[in-house]
Amino acid sequence: MIVLGVETSCDETAVAIVEDGKKILADVVYSQIDIHKLYGGVVPEIASRKHIAKIISVFDEAFKQAGIKASDIDLVAVTTHPGLIGSLLVGINAAYAFSLANNIPCIGVDHIYGHIYANYVSADFTFPTLALVVSGGHTELVLMKDHYDFNVLGETMDDAVGEAYDKVARVMGLAYPGGVKVDTLALEYQGKPIYHLPIYDSDDYNFSFSGIKSAVLNQINKCHMKGEDLNYHALSYAFQDSVTSVLVRKTIKAAIEYNVKQIIVAGGVAANKGLRARLTSAVASLDGVTLTFPEFRYCTDNAVMIAVAGYFQNKYGDKN
Ligand code: KG4
Ligand code: ZN
């Protein structure tokens, strides 16, 4: 089955063509980051307008890459939520127009399920699977006993982890999206820890990241008031250490409690090298549990993950 995926929920205009949930025939992503960078974050109205300007050429490029005709597509899958409403509407309209014009069925896909299925490109799922979802808008631990069967064990009570990374980057004067820059600074730091930030942990599977964000801000203000130079490498290291310790501890706890066979990591922060290293060494101590990350290019928004999720949603139905 050949699925055409369409993704326009935020600031990437993306179209992909994937066969049987695995074989990538086309993968086109037009990123608007350079425009939104000027404003320090995504400007919804600009994002919608850019999607309109780009969507047709991104469709055309995908068909050029795949070397197939519209009539070869069996199913269209488009992100319908969550996301910026004006941006989503562009992809939804393009996908439905394409499906009506070519008499091909069209289904709506949850963006978060798409991030989870980005892992399927790297490895098959062995259930029960535990997904640690760490995106710009969501932080969740999700238990999957079968395909398209999602049971949320816990989620963030306030900020998402990607959002916290971007806000911390912003107060350190780094350009949007700053998550990857904080990750790089943290990894480059070789000295002893200078800043000791609190760890916001709890006994359940929920998360909270607004406190650590304020702790970083307080540390910056304290240094400014005392006229001390801030060590941005050490501060990034302390922030990353605090955040990843909670993410990893809760993931391992849930993996043991629910006897999972596989842990997968989903969303933009799955690209975080500090999280990857820490989780890899923690999972090594678990017997019979494999760990899967999406390829770096499928961590952030793309349409391959929507086509893969659409393939499984069509096959197994949405059990939620
Ligand atoms: O999953 P995504 O596209 O967002 C939503 O769907 O909501 O991920 C974008 C987020 C941004 O917050 C970005 O800063 C973060 O992922 N991100 C990272 C890294 N790469 C991307 N955060 C921390 N470390 C990284 N290496
Ligand atoms: Zn996303």
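**Around ligand 1**

Visitor: How far is an oxygen atom of ligand 1 from an N or O atom in the side chain of D166?
Guide: Quick ground rules for this predicted model: local features need pLDDT of at least 70, side-chain atom pairs count only at pLDDT 80 or more, and totals for chains, interfaces and linings use all residues. Residues are numbered from 1 along each chain as its sequence is written, chains are lettered from A and ligands numbered from 1 in written order, and side-chain values use heavy atoms, without hydrogens or water. Polar contacts with the ligand are pairs of N or O atoms within 3.5 Å. For the D166 side chain and the ligand oxygen, the distance is 2.5 Å.

Visitor: Which residue offers a backbone N or O atom 2.9 Å from an oxygen atom of ligand 1?
Guide: Don't pick S135, whose side-chain N or O atom is 3.5 Å from a ligand oxygen. The backbone atom at 2.9 Å belongs to G136.

Visitor: How much of ligand 1 does the protein bury?
Guide: Taken alone, ligand 1 exposes 550 Å² (Shrake-Rupley area, 1.4 Å probe). The share of that buried by the protein is 87%.

Visitor: Which elements give two or more residues to the shell around ligand 1?
Guide: Elements here are DSSP runs, with helices (H or I) of at least four residues and strands (E) of at least two. Those giving two or more residues to the shell are α4 (111-117), α5 (161-171) and α6 (179-188).

Visitor: Which residues come nearest among the 19 around ligand 1?
Guide: To be near, a residue needs a heavy atom within 4 Å of the ligand. Of those 19, the nearest are G137, D166, G268, N272 and D301.

Visitor: Why does ligand 1 lie between two domains?
Guide: The bounds come from an automatic or database domain assignment. Ligand 1 lies between the two because its shell takes residues from both domain 1 (2-118 + 299-316) and domain 2 (125-293).

Visitor: Where is the cis peptide bond with omega of about -10°?
Guide: One cis bond joins H81 and P82, but its omega is about -20°, and P82 lies in the loop between β4 (75-81) and α3 (85-102). For about -10°, go to P177, in the loop between α5 and α6. That cis bond joins Y176 and P177.

Visitor: What is the phi of D20?
Guide: D20 sits in the loop between β2 (12-19) and β3 (23-31). Although D20 is not a glycine, its phi is positive, at about 50°.

Terms used
Polar contact = N/O pair within 3.5 Å; in protein donor to acceptor, adjacent residues only side chain to side chain.
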